[in-house]
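This report describes selected features of one protein chain. It takes up strand pairing, helix packing and salt bridges in turn.

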Amino acid sequence: IYRAGALFILQNHIPMEDEESVARVFEDLKIEFRMVDGKVRNFLDGEDVTVDIHTAETTAVVPKIAAFAKARYFAKQLQKKIGAEQDTVMAGRDIGSEIFPDSKLKFFITADEKVRAQRRYDQIKQTDPNAIFEEVLNSMEKRDMKDATREASPMRVPKDAVIIDTSNMT
(Lines give C-alpha, C1' and ligand atoms only; values in the text may rest on other atoms or scores of the structure.)
Protein backbone atom coordinates (compact mmCIF):
# COMPACT_ATOMS: atom_id res chain seq x y z
CA ILE A 1 0.00 0.00 0.00
CA TYR A 2 2.80 2.42 0.87
CA ARG A 3 4.70 1.41 -2.25
CA ALA A 4 1.63 1.99 -4.41
CA GLY A 5 1.13 5.39 -2.82
CA ALA A 6 4.79 6.22 -3.36
CA LEU A 7 4.54 5.25 -7.02
CA PHE A 8 1.42 7.40 -7.45
CA ILE A 9 3.23 10.34 -5.82
CA LEU A 10 6.21 9.93 -8.14
CA GLN A 11 4.09 9.50 -11.27
CA ASN A 12 2.01 12.58 -10.45
CA HIS A 13 4.90 14.77 -9.29
CA ILE A 14 3.35 15.38 -5.87
CA PRO A 15 5.81 17.08 -3.50
CA MET A 16 6.87 14.48 -0.92
CA GLU A 17 7.37 17.21 1.68
CA ASP A 18 3.70 18.26 1.48
CA GLU A 19 2.08 16.13 4.19
CA GLU A 20 -1.47 17.18 3.27
CA SER A 21 -1.04 16.22 -0.40
CA VAL A 22 0.60 12.93 0.54
CA ALA A 23 -2.21 12.15 2.98
CA ARG A 24 -4.82 12.82 0.27
CA VAL A 25 -3.10 10.26 -1.96
CA PHE A 26 -3.63 7.59 0.70
CA GLU A 27 -7.15 8.78 1.43
CA ASP A 28 -8.11 8.18 -2.22
CA LEU A 29 -5.73 5.34 -3.15
CA LYS A 30 -7.33 2.85 -5.56
CA ILE A 31 -5.34 -0.32 -4.98
CA GLU A 32 -6.36 -3.91 -5.60
CA PHE A 33 -4.66 -7.23 -5.04
CA ARG A 34 -5.57 -9.82 -7.68
CA MET A 35 -4.53 -13.40 -8.27
CA VAL A 36 -3.00 -13.72 -11.74
CA ASP A 37 -1.60 -17.07 -12.79
CA GLY A 38 -1.48 -18.17 -9.16
CA LYS A 39 0.42 -15.09 -7.93
CA VAL A 40 -0.79 -11.95 -6.19
CA ARG A 41 -0.42 -8.89 -8.39
CA ASN A 42 -0.78 -5.27 -7.27
CA PHE A 43 -3.05 -2.96 -9.25
CA LEU A 44 -3.15 0.83 -8.92
CA ASP A 45 -6.06 2.52 -10.67
CA GLY A 46 -6.59 -0.71 -12.62
CA GLU A 47 -2.97 -0.95 -13.84
CA ASP A 48 -0.63 -3.75 -12.82
CA VAL A 49 2.19 -2.05 -10.90
CA THR A 50 3.69 -5.13 -9.24
CA VAL A 51 7.12 -4.52 -10.77
CA ASP A 52 6.99 -0.70 -10.58
CA ILE A 53 6.41 -0.59 -6.83
CA HIS A 54 9.71 -2.39 -6.23
CA THR A 55 12.05 -0.07 -8.13
CA ALA A 56 14.86 1.66 -6.25
CA GLU A 57 13.19 5.04 -6.86
CA THR A 58 9.90 3.93 -5.32
CA THR A 59 11.65 2.19 -2.44
CA ALA A 60 13.55 5.39 -1.58
CA VAL A 61 10.29 7.36 -1.25
CA VAL A 62 8.41 4.89 0.98
CA PRO A 63 10.01 5.71 4.36
CA LYS A 64 9.66 9.44 3.76
CA ILE A 65 5.93 9.31 3.19
CA ALA A 66 5.32 6.54 5.71
CA ALA A 67 6.61 8.85 8.44
CA PHE A 68 3.61 11.17 7.98
CA ALA A 69 0.97 10.46 10.64
CA LYS A 70 -1.91 11.55 8.39
CA ALA A 71 -0.77 9.32 5.53
CA ARG A 72 -0.39 6.44 7.98
CA TYR A 73 -3.90 7.08 9.27
CA PHE A 74 -5.44 6.71 5.81
CA ALA A 75 -3.22 3.75 4.90
CA LYS A 76 -4.30 2.09 8.14
CA GLN A 77 -7.99 2.56 7.24
CA LEU A 78 -7.33 0.98 3.85
CA GLN A 79 -5.45 -1.95 5.40
CA LYS A 80 -8.26 -2.56 7.88
CA LYS A 81 -10.84 -2.42 5.08
CA ILE A 82 -8.92 -4.98 3.02
CA GLY A 83 -8.51 -7.23 6.06
CA ALA A 84 -12.22 -7.01 6.88
CA GLU A 85 -13.35 -7.94 3.38
CA GLN A 86 -11.68 -11.35 3.34
CA ASP A 87 -9.22 -13.55 5.17
CA THR A 88 -5.91 -11.86 4.55
CA VAL A 89 -2.23 -12.43 5.05
CA MET A 90 -0.71 -8.99 5.31
CA ALA A 91 2.95 -8.04 5.54
CA GLY A 92 4.30 -4.79 6.88
CA ARG A 93 6.40 -3.20 9.56
CA ASP A 94 3.51 -2.45 11.89
CA ILE A 95 0.79 -4.91 10.87
CA GLY A 96 0.82 -6.98 14.07
CA SER A 97 1.52 -4.09 16.43
CA GLU A 98 -0.69 -1.32 15.02
CA ILE A 99 -3.00 -2.45 12.23
CA PHE A 100 -4.22 -5.81 13.51
CA PRO A 101 -3.06 -6.01 17.16
CA ASP A 102 -5.79 -8.56 17.93
CA SER A 103 -4.86 -10.90 15.09
CA LYS A 104 -4.80 -14.54 16.16
CA LEU A 105 -1.60 -15.26 14.25
CA LYS A 106 1.35 -12.88 14.14
CA PHE A 107 4.72 -13.63 12.70
CA PHE A 108 7.66 -11.26 12.85
CA ILE A 109 9.84 -12.36 9.97
CA THR A 110 13.38 -11.11 10.07
CA ALA A 111 16.86 -11.90 8.80
CA ASP A 112 20.39 -10.69 9.24
CA GLU A 113 20.71 -7.19 7.79
CA LYS A 114 23.28 -8.23 5.17
CA VAL A 115 21.12 -11.17 4.09
CA ARG A 116 18.11 -8.87 3.73
CA ALA A 117 20.20 -6.37 1.80
CA GLN A 118 21.45 -9.10 -0.55
CA ARG A 119 17.89 -10.25 -1.20
CA ARG A 120 16.79 -6.69 -1.90
CA TYR A 121 19.84 -6.08 -4.09
CA ASP A 122 19.06 -9.20 -6.14
CA GLN A 123 15.50 -7.94 -6.57
CA ILE A 124 16.60 -4.43 -7.60
CA LYS A 125 19.18 -5.80 -10.08
CA GLN A 126 16.30 -7.21 -12.12
CA THR A 127 15.16 -3.69 -13.01
CA ASP A 128 18.36 -1.71 -12.34
CA PRO A 129 21.56 -3.45 -13.47
CA ASN A 130 23.61 -0.55 -12.07
CA ALA A 131 22.51 -1.15 -8.48
CA ILE A 132 25.30 -1.21 -5.91
CA PHE A 133 25.09 -3.58 -2.94
CA GLU A 134 26.63 -1.13 -0.44
CA GLU A 135 24.05 1.50 -1.36
CA VAL A 136 21.23 -1.00 -0.86
CA LEU A 137 22.68 -2.01 2.52
CA ASN A 138 23.13 1.61 3.65
CA SER A 139 19.62 2.49 2.51
CA MET A 140 18.19 -0.48 4.40
CA GLU A 141 20.07 0.44 7.58
CA LYS A 142 18.77 4.01 7.41
CA ARG A 143 15.20 2.86 6.73
CA ASP A 144 15.29 0.42 9.65
CA MET A 145 16.48 3.18 11.97
CA LYS A 146 13.85 5.64 10.74
CA ASP A 147 11.06 3.07 10.97
CA ALA A 148 12.06 2.02 14.49
CA THR A 149 12.29 5.59 15.78
CA ARG A 150 9.47 7.37 13.94
CA GLU A 151 6.75 8.92 16.06
CA ALA A 152 3.80 7.47 14.10
CA SER A 153 3.54 3.67 14.41
CA PRO A 154 7.18 2.80 15.05
CA MET A 155 8.32 -0.63 13.92
CA ARG A 156 8.47 -3.06 16.82
CA VAL A 157 8.03 -6.76 17.47
CA PRO A 158 4.53 -7.46 18.82
CA LYS A 159 4.80 -9.11 22.24
CA ASP A 160 2.74 -12.12 21.11
CA ALA A 161 4.39 -12.62 17.71
CA VAL A 162 6.31 -15.71 16.67
CA ILE A 163 9.74 -14.53 15.54
CA ILE A 164 11.08 -16.29 12.47
CA ASP A 165 14.67 -15.62 11.46
CA THR A 166 15.04 -16.46 7.77
CA SER A 167 18.75 -15.67 7.53
CA ASN A 168 19.62 -19.26 6.67
CA MET A 169 16.52 -19.98 4.58
CA THR A 170 15.80 -19.53 0.91
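## Strand pairing and hairpins

Strands β2 and β3 form a hairpin with two residues between them, and D45 in the turn has a positive phi of about 50°. The model under discussion is predicted. Pairing between β2 and β3 is antiparallel and rests on two bridges. Within this pair, F43 has D48 in β3 as its bridge partner.

A hairpin is also formed by β1 and β2, again with two residues between the strands, and here D37 takes a positive phi near 50°. Strand β2 (residues 39-44) is joined to β1 by six bridges, and these two strands run antiparallel. Along this pairing, F33 stands opposite N42 in β2, and the bridge partner of M35 in β2 is V40.

Together the strands make an open sheet of three, in the order β1-β2-β3, with antiparallel pairing. The edges are occupied by β1 and β3 (47-48), each of which has a single partner strand, so one side of each has no neighbour in the sheet.

## Helix α4 and its surroundings

Helix α4 comprises 17 residues (69-85); at 1.5 Å a residue it should span 24 Å, and the distance of 24 Å between its end C-alpha atoms agrees with this. The buried residues of α4 are A71, R72, F74, A75, L78, Q79 and I82. Because they cover an arc of only 165° around the axis, they are placed on the same side of α4. A general property of this kind of helix is relevant here: an α-helix has 3.6 residues a turn, so residues three or four places apart point the same way.

Which elements cover the buried residues of α4? The cover includes the helices α1 (2-11), α2 (19-27), α3 (56-66) and α5 (95-99), together with strand β1 (31-36).

Helix α2 has its own set of buried residues, namely S21, V22, A23, V25 and F26. The buried residues of α2 pack against α1, α3 and α4.

## Salt bridges

The structure holds nine salt bridges. Three of them are listed below with the separation of their N and O atoms.

| Salt bridge | N to O distance |
|---|---|
| R72 and D94 | 2.5 Å |
| E85 and K81 | 3.3 Å |
| R116 and D144 | 3.0 Å |

In the first row, R72 and D94 form a salt bridge whose closest N and O atoms are 2.5 Å apart. R72 belongs to helix α4, whereas D94 lies in the loop between α4 and α5, so the pair ties together parts that are 22 residues apart in sequence. Both R72 and D94 are buried.

The salt bridge of E85 and K81 lies within a single helix: both residues are in α4, four residues apart, about one turn of the helix. What is the exposure of E85? Its relative accessibility is 55%, and E85 therefore counts as exposed. K81 has a relative accessible area of 48% and is partly exposed.

The salt bridge of R116 and D144 has its closest N and O atoms 3.0 Å apart. R116 lies in helix α6 (residues 113-125) and D144 in helix α7 (residues 133-149), so this pair ties together parts that are 28 residues apart in sequence. D144 is buried, as its relative accessible area is 12%, with under 20% as the limit for that class.

## The segment after β5

Two residues of the segment after β5 can be described individually. T166 is placed in the segment after β5 (162-165). Is T166 buried or exposed? With a relative accessible area of 13%, T166 is buried. Leaving aside residues up to four places away in sequence, T166 touches I109, T110, A111 and R119.

N168 is also found in the segment after β5. At 79% relative accessibility, N168 counts as exposed, the cut-off for that class being over 50%. The C-alpha atoms of N168 and V115 are separated by 8.6 Å, while the two residues are 53 residues apart along the chain.

How values were computed. Residues numbered from 1 in each chain as written. Predicted model: local features only at pLDDT ≥ 70, side-chain atom pairs only at ≥ 80, totals over all residues. Heavy atoms only, no water. Expected span 1.5 Å × (residues − 1). Buried < 20%, exposed > 50% of the residue type's maximum accessible area, 1.4 Å probe, protein only. Arc of directions from axis to C-beta. Contact = heavy atoms within 4.5 Å. Pairing = 2+ DSSP bridges. Salt bridge = Lys/Arg side-chain N within 4 Å of Asp/Glu carboxyl O.
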